[in-house]
Amino acid sequence: MHVMHHVLRPNAAARRAFAAIACDSVKVPKAWYNIQADLKVPLPPPLHPGELRPCLPDDFAPLFPMSLIQQEISTERYIDIPEPVREVLELWRPSPLFRASRWEKALKLPQDVKIFYKYEGGSPSGSHKTNTAVAQIFYNKEAGTKKVTTETGAGQWGSALAFSGAQFDLPVEVYQVKVSYEQKPYRKAFIETCGAQIYPSPSHRTQYGAKVLQEDPACPGSLGIAISEAIEACVTSGGTAKYALGSVLSHVLMHQTVIGLEAIEQMEISGESPDVVVGCTGGGSNFAGITFPFLGQKLRGERNKIRFVAVEPAACPSLTKGVYAYDFGDTAQMTPLIKAHTLGAAFIPPKVHSGGLRYHAMAPLISHLKELGELEARAVPQSAAFQAGASFFQSEGILPAPEATHAIEGALAEAKDAASKGEPRSILFNMCGHGHFDMAAWQKWSEGQLEDFDYPDELVQEALKSVPGLNGVDWPMPSAD
Ligand SMILES: Cc1ncc(COP(=O)(O)O)c(C=O)c1O
């Protein structure tokens, strides 16, 4: 078979040709996959922060259009992707799936240890984030929203939303974590070129930002603070603005499943099946995007013997060192309480270069699946992640975003583990974004100046004191029936 030949005996030209072939025969999915349909134990509900009862759809109405709120709580297995959204996605989707044949060779891996990756960096903003940004802007436009506010860490999400705003003529206002705003000045230019507005967070535009700055004028910001500012900007708009989140929420994770749905088809075309699927985790959306469709097959009994590994920064290890408890999604404690692995909403993570991974909590769906034993997690220091990322780049020719280097490190660890045990293993990872806007970080790495941060135990212990879930707030774990 033609395609199989290209995948199993890859060379540089055939490798690119394989991607083209797979892209020709695979279409952008017509529906998203909703893993809530296949959960044997339902997801613990978000709680109203004042009344401590499960949230009702109307509780979210000041922030999101009802169509997205319905998606958040839906247990339908598939939800149709509106045609105007698919049309924009078709600008860069289906995204290519490559076999990392040159990297395998450089690593001197045995023939039966294979590495595949799905490349999401070809999107207009350079990462997977655009997959959900287009959908969220579409539903907001449809609902009559006049402006969408958001936060961004590394700037990937802000860029994705700004680009999507331009597709549907909807103004976008972005609060970018200050340390990233300063590290990545071209993100600002990108966002403004899309016609959107961007501000460093904490800022004086919101009451909460001003309060943070008064207490700590040098505050580097955090995703938790930027979320608080974007939400404040939304709720003080007199109902004209809505808010968009780039990760964490269940509907956001669902929008990313186009990645895994395409990957299933592409792997099938190649005659391969992954033994392990790896992704980096900040809030969990790209990891969910590539893993949930495979995990759904496993939960439905259509696939067995597959593992899923989430890789997070050692400086902000919510899944490996956080507590599983109800906590706020933001620092100002404005959001509903979500049951998640958390380091405490008051925790401000060290200034690692993976701005998109500096979030104190994990998506409730990922946390829940980890508690159910369906997922594994691993924490790595940024120097090890960048080292793996550079090795990948030198062979494969794609410079990864700092966040993506964590997935690469995870894939490398799997490959080395399989090789040392003499086991065959097919590894699939999500190469979620390119690092062309992250050259300051790569420069630091080349100059040997990339700093590793110890796990900030004391800061986390302090932040955990104000986690509601550790102070008696809980909701009975839903049962399987
Ligand atoms: C390139 C990239 N990868 C990963 C992430 C982490 O987010 P998530 O875990 O939701 O995929 C981000 C977030 O900004 C990102 O920009």
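Here is a quick briefing on how this chain is put together, from its two domains down to single residues. Bear in mind that the model is predicted. The domain assignment splits the protein into domain 1 (2-32 + 81-125 + 251-471) and domain 2 (127-249). Both the largest nonpolar core and the shell around the ligand lie between those domains, because each domain gives residues to them.

**How the two domains meet**
- Taken over C-alpha atoms, the centres of domain 1 and domain 2 sit 23 Å apart.
- Domain 1 puts 45 residues into the contact, and domain 2 puts in 38 residues.
- On the domain 1 side, α4 (83-89), α12 (250-255), α13 (258-269) and α14 (285-299) each bring at least two residues.
- The top contributor on that side is α4, with four residues.
- Sorted by class, the domain 1 side of the contact comes out as 20 nonpolar, 19 polar and six charged residues.

**The nonpolar core**
- The largest nonpolar core runs to 139 residues.
- Those with the most contacts inside this core are Leu161, Val278, Ile366, Ala407, Ala411, Ile427 and Phe429.
- Helix α11 (residues 223-235) gives the core its largest share, eight residues.
- Domain 1 and domain 2 both feed residues into this core, so the core lies between them.
- Setting aside neighbours within four places in sequence, Phe429 is in contact with Tyr117, Val278, Gly279, Ala407, Ile408, Gly410 and Ala411.
- As background, nonpolar side chains tend to be buried together in soluble globular proteins.

**Around the ligand**
- The ligand has 22 residues surrounding it, and the closest are Gln156, Ser247, Gly282, Gly356 and Gly433.
- At least two residues of this shell come from each of α7 (156-167), α14 and α18 (402-421).
- With three residues, α14 has the largest share of the shell.
- The class count for the shell is eight nonpolar, 12 polar and two charged residues.
- The shell lies between domain 1 and domain 2, since both of them give residues to it.

**Helices α10 and α11**
- The axes of α10 (residues 207-215) and α11 come within 8 Å and cross at roughly 145°.
- On the α10 side you'll find Gln207, Tyr208, Gly209 and Val212, which meet Ile225, Ser228, Glu229 and Glu232 of α11.
- This helix contact is made up of three nonpolar, three polar and two charged residues.
- Ala332 touches Tyr208 and Ser228, leaving out residues up to four places away in sequence.
- Ala332 itself belongs to the loop between β11 (323-328) and β12 (337-342).
- With 20 other C-beta atoms within 10 Å, Ala332 counts as buried.

**Backbone oddities to look at**
- Arg93 and Pro94 are joined by a cis peptide bond, with omega about -5°, and Pro94 is in the loop between α4 and β3 (97-99).
- Ser201 and Pro202 are also joined by a cis peptide bond, with omega about 5°, and Pro202 is in the loop between β7 (197-201) and α10.
- Asp169 isn't a glycine, yet its phi is positive, near 55°.
- You can find Asp169 in the loop between α7 and β6 (172-177), where the residue is exposed, with 9 other C-beta atoms within 10 Å.
- Val248, not a glycine either, has a positive phi of about 70°.
- Val248 is in the loop between β8 (241-243) and α12, and this residue is buried, with 25 other C-beta atoms within 10 Å.

How values were computed
Residues are numbered from 1 along each chain as its sequence is written. This is a predicted model: local features need pLDDT of at least 70, side-chain atom pairs count only at pLDDT 80 or more; totals for chains, interfaces and linings use all residues. A residue is buried if 20 or more other C-beta atoms lie within 10 Å of its own, exposed if 12 or fewer, and partly exposed in between; C-beta atoms are placed from the backbone. Two residues are in contact if their C-beta atoms, placed from the backbone, lie within 7 Å. Domain bounds come from an automatic or database domain assignment. Ala, Val, Leu, Ile, Met, Phe, Trp, Tyr, Cys and Pro count as nonpolar, Asp, Glu, Lys and Arg as charged, and the others, Gly among them, as polar. A nonpolar core is a set of buried Ala, Val, Leu, Ile, Met, Phe, Trp, Tyr and Cys residues joined through C-beta atoms within 7 Å. A residue is near a molecule or strand if its C-beta atom, placed from the backbone, lies within 6 Å of it. Axes are lines fitted to C-alpha atoms, for helices over the stretch in contact, and angles run from 0 to 180 degrees between N-to-C directions.
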